[in-house]
Amino acid sequence: MRVLVTDHVFGDLEAEREALAAIGCELELAPDDDLAAHVEGVDGILVCFAPVDARVIEAASGCKVIARYGIGVDNVDVAAATRNGIQVTNVPDYCLDEVADHAMALLLASARGVVTAARTVREGEWTVPQEGIHRIAGRRLALIGVGRIGSRVADRARAFGYEVVAYDPYVDGSARSVEEAVSGADAVSLHAPLTDETKHVIGDATLDAMERSPVLVNTSRGGLVDLDAVTRALDDGRLSGVALDVTEPEPLPADHPLRTHPRAIITPHMSFYSAEAQAELQRRAVDEVVRALTGEPPRCPVNALQPA
Ligand SMILES: NC(=O)c1ccc[n+]([C@@H]2O[C@H](COP(=O)([O-])OP(=O)(O)OC[C@H]3O[C@@H](n4cnc5c(N)ncnc54)[C@H](O)[C@@H]3O)[C@@H](O)[C@H]2O)c1
């Protein structure tokens, strides 16, 4: 049996290799080119960020499982996998505290001006900033999406004195629209999955509704944010700052203005990372492949398959 890793961001794949060897299965790493040309005959696929679209799935005849290294499955055509009888799995329970902590780190660093101040000290200055920093307690944070991670951010933010409002169409008692949630907010943090509904949810219409020049934090998916609109909003004052762990595209081009903008903080899609979370992610993802190839039911199925 053969399992293909399409792409990854880990130091090594020893955990995967060991778990698969135990069931007589070989691990292969896909070359960095047309994925569809390499999936023929594989029994399983482990995928990090590579697009596993319908063309790749059609070419993977005989594949039993596509295991996403992560929570979001926006880079996998789940409907095509279902049509082809392929189980899709994810790991919804691995880095929830890490992402919530990273969102807070970005929010607090932005609110306290930490990155700019540290840079000026490094450059030899010793000057107290005279504008742009306000007391956090009593300010309002709008969360877009309050699932596992968003609700953890809410708990953390309340401990700092933020008043938390939320928009999540699947949670009772939330705001009626994104515009309503963000209009009076001093900070906005995104925690919804990337879907057709949430694509560019932060664009000109929502930015125009923001009345208090908030900071925008995104640790969810780059596709939630229209980056051109956000760059304009930062320059014309509709936003006071942006703090993004995810961008569209990734990596953010080396000459993109947000990389060097004085009111932007950009991190390289690392919210998920801690040594502990990464080890859990690799182990739980490959476990799904092992389960599928040994006839066990999946632990975290994303799609429901018709019984054979
Ligand atoms: N940057 C990273 O390293 C990293 C790591 C893990 C997860 N993520 C991202 O974080 C996202 C959230 O993760 P989670 O574990 O909290 O997922 P979750 O499924 O527990 O929560 C997502 C929430 O978004 C809500 N939602 C769905 N559509 C919405 C819409 N149109 N508007 C507002 N809310 C909507 C859902 O109702 C749900 O409550 C993931 O989908 C993933 O893309 C990023």
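**Exercise 1. Which backbone N or O atom lies 3.1 Å from an oxygen atom of the ligand? Find it, then look at the ligand's other contacts.**

Before you start: this is a predicted model, where local features need pLDDT of at least 70, side-chain atom pairs count only at pLDDT 80 or more, and totals for chains, interfaces and linings use all residues. Residues are numbered from 1 along each chain as its sequence is written, and side-chain values use heavy atoms, with hydrogens and water left out.

Step 1. Go to Phe272: a backbone N or O atom of this residue is the one 3.1 Å from a ligand oxygen. That counts as a polar contact (a pair of N or O atoms within 3.5 Å).

Step 2. Now try side chains. Asp168 has an N or O atom 2.6 Å from an oxygen of the ligand, and a polar side-chain atom of Arg221 lies 3.4 Å from a ligand oxygen.

Step 3. Check how covered the ligand is. Alone, the ligand exposes 860 Å², and the protein buries 88% of that (Shrake-Rupley method, 1.4 Å probe).

**Exercise 2. Describe the shell around the ligand.**

Step 1. There are 27 residues around the ligand, and Arg148, Ile149, Asp168, Glu197 and Thr219 come nearest (near means a heavy atom within 4 Å).

Step 2. Sort the shell by type: you get 14 nonpolar, eight polar and five charged residues. Here Asp, Glu, Lys and Arg count as charged, and Gly is among the polar ones.

Step 3. Look for elements giving two or more residues to the shell: they are α4 (96-112) and α6 (148-159). Helices are DSSP runs of H or I with at least four residues, and strands are E runs with at least two.

**Exercise 3. Track down a salt bridge that links distant parts of the chain.**

Step 1. The whole structure holds 22 salt bridges (a side-chain nitrogen of Lys or Arg within 4 Å of a carboxyl oxygen of Asp or Glu).

Step 2. Pick Asp93 and Arg299, whose closest N and O atoms are 2.7 Å apart.

Step 3. Place both ends: Asp93 is in the loop between β5 (87-89) and α4, while Arg299 is in the segment after α11 (275-293), 206 residues apart.

**Exercise 4. Spot the backbone oddities.**

Step 1. Glu248 and Pro249 are joined by a cis peptide bond, with omega about 5 degrees. Pro249 sits in the loop between β10 (241-244) and α10 (257-260).

Step 2. Another cis bond joins Glu250 and Pro251, with omega about -10 degrees.

Note on methods
Polar contact = N/O pair within 3.5 Å; in protein donor to acceptor, adjacent residues only side chain to side chain.
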